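Me: I would like to go through the pockets and the core of this structure. Could we look at it together?
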Amino acid sequence: DRGLRFTWKEFNERVNHLAKGMLAIGIEKGTHVGLWATNVPDWLTFLYACARIGAVCVTVNTNYKQNELEYLCEHSDMHTLCIIDGTWDCDYVDMTYKMLPELKTCQRGKLSSERFPKMKNVIYIGQEKHRGMYNTAEILLLGSSISDDKLNEAKANVNCHDVVNMQYTSGTTGFPKGVMLTHYNVVNNGKCIGDRMGLSTADRMMIQVPMFHCFGMVLSMTASMTHGATVCPMPYFSAKSSLACINQERITC
């Protein structure tokens, strides 16, 4: 719906640039980076940029309320939170300021929160500027000061058995707990699903389920990525736009 197209090469380059920007603001191997967004295009960029340098992506439920957000940020020892505007009933920017009031008076990257001492950065996924937060363009710009050698050094330090994602799945009782998934786990899970579905480079997958959970991130996106299929993520469910996407993009699955 926004006329945006990425080839594998273009996407790979954007991931590298964003990964260097993350290194520039102190994100490194083992750093916990929260991703609180619907299926916007850069959801994938942030996930893969984290994976590339060994950071752990903490996927955040898009329907979280204030107390749930604060519980997850504290429980996960989150260092950086990446957000969009929000959804139709949740304003992520306002909720973030309510959780981190220090953002309104601190410099970007200089956050010092009494309640969340591990939290150092907030990144707004988009072009708009918000007090105390970086935006995507600024992260990409900061990345230009990081050499390819430093990026390659970070990449070389990543092991397939390192944790790449923390999923806060809800059980039948109690609070959600951060399930730690490794690169090996996510990639092979996605590959096995893709094998079973018979995916190939001829396929085009429309993803409407949220990518903050395994269905969207692993069974859909990673299954497509491991088989060279084209991914068409939908930011939110809409029957009209879904049917239009199926027709225009010649969706196969």
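Reply: The second largest pocket has a volume of about 350 Å³. A pocket is an open set of points on a 1 Å grid over the protein atoms alone, where a 1.4 Å probe fits, with protein on both sides within 12 Å along at least five of seven lines. The volume is the space filled by probe spheres set on the points, which are joined across faces, edges and corners.

Me: Which residues are closest to its centre?
Reply: Tyr48, Ala51, Val164, His183 and Val187 are, out of 16 that line the second largest pocket; lining residues have an atom within 4 Å of a point. This is a predicted model, where local features need pLDDT of at least 70 and side-chain atom pairs count only at pLDDT 80 or more, while totals for chains, interfaces and linings use all residues. Residues are numbered from 1 along each chain as its sequence is written, and side-chain values use heavy atoms, leaving out hydrogens and water.

Me: What is the volume of the largest pocket?
Reply: The volume of the largest pocket is about 910 Å³. Its lining has 30 residues, with Leu4, Arg5, Val231, Cys232 and Pro233 nearest the centre.

Me: And which element gives the most to that lining?
Reply: α9 does, with five residues. Helices (H or I, at least four residues) and strands (E, at least two) are DSSP runs, numbered from the N terminus.

Me: New topic: what is Met119 in contact with, leaving aside neighbours within four places in sequence?
Reply: Met119 is in contact (heavy atoms within 4.5 Å) with Cys73, Met78, His79, Thr80, Leu81, Met99, Leu100 and Leu111.
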